[in-house]
Amino acid sequence: CMNVRIGKKRIVTVAFIFIVLFILQKTFNIGSGQYYYDVGYYNNIGISMFASGQFSFQTMITDFRGYVFPLYLGLCNQIDSVLHITNSIHIISSLILTILLMIYLDFCQKLFQSNQTKKYSYWISALVPIALLLTFFYGLVLYPLTDLYAALLCITAGWFIYFALQNESLHKAGLMYFFAGICIYSAYNIRTIYLLSIYCLFLAIAFMERKKVKNVILALFSFALGIFVCAIPQIIIHFPRYEIISPWINNQNLFARQLFWGLQSLKYGTYVGSEIPDLAGMYYTDPIGKQIVDTFAATGGALSIGSYIKLFFAYPLEYIAIIGKHVYNAFFILFPEQYVFNLNSSRYFYAIAGLVIVFLFFVAIAMNRNKTTTNEKIIVFALLLPSMAILFGAVEERFLVLPYMFVYGYLANFDFKEIFKKFNKQDLIVVLFLFVVFAATALSIESEILSSLQGCPLTFSGLL
């Protein structure tokens with residue numbers, strides 16, 4: 001009876017999420033004519049795969065990006081062309097995102113639900129994360145940006161690994177690891193920073209399956225096979241161009257460049273409005289970091305991870321201060337639309353609501369009522385490692401979607417009801433005091449970061 005009820009609830013949830021995503025996209029009705037910068041770039045790569053009238057990886061205009069996401073956009077364009085319709089991506093993306101979001105919700109319920117919250121909180125655990133995601137990151141649905149898809153594929157890889165560890169059948173577990181490999185390579189192919197998760201998951205799987213040697217061998221082989229199968233098209237793309245067999249994206253030292261950008265830029269966004277015609281890239285510059293980078297550039301040194309580390313030891317206090325600002329900046333999702341049209345729009349709601357969510361998450365972690373196993377913590381850490389690494393770069397808010405999805409999922413499955421029963425007035429006063437101190441500090445630092453926008457300093461209420 002219970003399983004039937006849960007099954008019906010999930011069917012309703014699937015329908016609800018799909019309808020909301022589809023209506024959201026149809027309301028804004030954004031098509032390829034409004035694809036700016038990265039989105040337009042990926043779309044053009046996808047179109048180039050069909051440039052000769054038939055599909056070919058060799059007609060891709062660049063291999064700087066992986067094949068997965070351009071192929072997805074290219075197929076959507078082909079469906080439009082064949083059926084003589086427009087924006088088929090609205091229904092296709094709604095369907096794909098609904099499936100991946102249901103996996104995300106199930107994963108969070110498995111990881112974070114306690115016996116108490118299971119009794120009454122299905123709708124809370126299902127709808128709250130989706131509501132928060134669409135409040136703070138709705139632009140990732142409106143525009144086919146890579147970040148939400150990569151994050152969800154990364155989560156799906158973790159979900160398959162979670163079930164592989166629960167499965168006593170070696171064959172079924174091996175199949176789960178195989179699908180996990182496909183998903184994590186797809187995430188990497190879409191956003192190369194997820195290479196860190198690939199490496200970390202190899203180590204994590206070996207550790208979690210360590211009790212039996214044959215389990216370790218089967219798990220790692222299946223996981224690697226999934227990666228290899230998904231990487232075959234990338235190998236096909238590379239071989240004629242470079243005569244090498246490589247599954248890795250030719251991203252030309254992108255991560256090292258991101259690290260150096262992060263030294264001088266505390267935050268980055270994209271402006272597409274008309275208020276300030278000359279503004280496109282929204283660079284929030286740290287003067288000390290810029291001076292360090294300019295000094296290094298004057299020496300003619302090459303941008304690399306090694307040179308970045310050497311600079312850290314040359315300027316340790318400055319680095320710590322800059323990284324601290326990056327961390328505080330990550331508490332704020334102020335531009336949920338992703339492509340910014342209106343710089344005079346008030347951002348106070350997003351600032352305060354975001355701080356409340358982050359603070360509640362810290363409180364929930366401190367109370368530690370949700371019991372997660374060591375293996376579950378290892379999986380989550382492996383999935384979050386790329387997001388932690390990107391904090392050192394020039395952070396765009398969309399890069400933070402994965403950690404925030406875990407925050408939303410954790411809070412939606414946390415038993416706050418029991419916690420607040422045990423709080424007395426003195427406890428509440430202490431918590432409120434800590435929130436005021438936290439919020440005041442964070443708002444002060446973020447206000448300074450907003451005012452550093454090159455060309456037109458910002459405040460939470462708009463242009464200065």
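The legends below describe an overview and several close-up views of a predicted model of one protein chain.

**Figure 1. Overview of the protein chain, with its 20 helices and 5 strands.** The radius of gyration of the protein chain is 23 Å, close to the 23 Å that the globule rule gives for 464 residues, so the chain is as compact as a globular protein of that length. Measured out along its principal axes, the C-alpha trace spans about 60 × 55 × 50 Å. Buried residues make up 52% of the 464 residues, and, among contacts with a separation of 6 or more, 76% are accounted for by residues 24 or more positions apart. The accessible surface of the chain comes to about 21600 Å², and carbon and sulfur atoms hold 67% of that surface. The chain carries 30 positive and 22 negative side chains, and the centres of these two sets lie 14 Å apart.

**Figure 2. Close-up of helix α2, which covers residues 37-48.** This helix has 12 residues and reaches 16 Å from its first C-alpha to its last, which is close to the 16 Å expected at 1.5 Å a residue. The buried residues of α2 are V39, G40, Y42, N43, I45, G46 and S48. To see what surrounds them, look for three helices and one strand: the buried residues of α2 pack against α3 (68-83), α8 (146-166) and α9 (170-190), and also against the strand β3 (339-340).

**Figure 3. Close-up of two residues of helix α4, H90 and Q109.** Helix α4 runs over residues 89-112 and includes Q109, and H90 is found in this helix as well. H90 has a relative accessible area of 1% and is therefore buried, since buried means under 20%. Leaving out residues up to four places away in sequence, H90 touches F22, Q25, K26, N29 and I30. Q109, at 8% relative accessibility, also counts as buried. With residues up to four places away in sequence again left out, the residues that Q109 touches are R10, Y122, S125, A126 and N413.

**Figure 4. Close-up of A187 in helix α9.** A187 has a relative accessible area of 0%, so this alanine is buried. Once its neighbours within four places in sequence are set aside, A187 is in contact with A150, L153, C154 and Y194. A student who wishes to compare distance along the chain with distance in space may look for G74, which is 113 residues from A187 in sequence and 18 Å from it in space, C-alpha to C-alpha.

**Figure 5. Close-up of A351 in helix α16, the helix of residues 348-367.** A351 is buried, because its relative accessible area is 0%. Its contacts, leaving aside neighbours within four places in sequence, are with F332, L334, L443 and F460. One of these partners, F460, is 109 residues away from A351 in sequence, whereas the C-alpha atoms of the two are 7.9 Å apart in space.

**Figure 6. Close-up of Q234 in helix α11, which covers residues 213-242.** Q234 has a relative accessible area of 0% and is therefore buried. Not counting residues up to four places away in sequence, Q234 touches R65, G66, Y67, Y185, N189, S246, P247 and I249. For a view across the chain, the C-alpha atom of Q234 can be set against that of L343: these two residues are 109 residues apart along the chain, and their C-alpha atoms are separated by 40 Å.

**Figure 7. Close-up of two loop residues with positive phi, N29 and E243.** Most residues other than glycine have a negative phi. N29 is a residue other than glycine with a positive phi, near 50°, and its place is in the loop between α1 (2-28) and α2. N29 is partly exposed, with a relative accessible area of 40%. E243 likewise has a positive phi, near 55°, in a residue other than glycine, and its place is in the loop between α11 and α12 (254-264). At 66% relative accessibility E243 counts as exposed, because exposed means over 50%.

Technical notes
Residues numbered from 1 in each chain as written. Predicted model: local features only at pLDDT ≥ 70, side-chain atom pairs only at ≥ 80, totals over all residues. Heavy atoms only, no water. Helix = DSSP H or I, 4+ residues; strand = E, 2+ residues; numbered from the N terminus. Rg over C-alpha atoms; globule rule 2.2 N^0.38 Å. Buried < 20%, exposed > 50% of the residue type's maximum accessible area, 1.4 Å probe, protein only. Contact = heavy atoms within 4.5 Å. Areas by Shrake-Rupley, 256 points an atom, 1.4 Å probe, with all protein chains shown as cover. Lys, Arg positive; Asp, Glu negative; His and termini not counted. Charge placed at Lys NZ, Arg CZ, Asp CG, Glu CD. Expected span 1.5 Å × (residues − 1).
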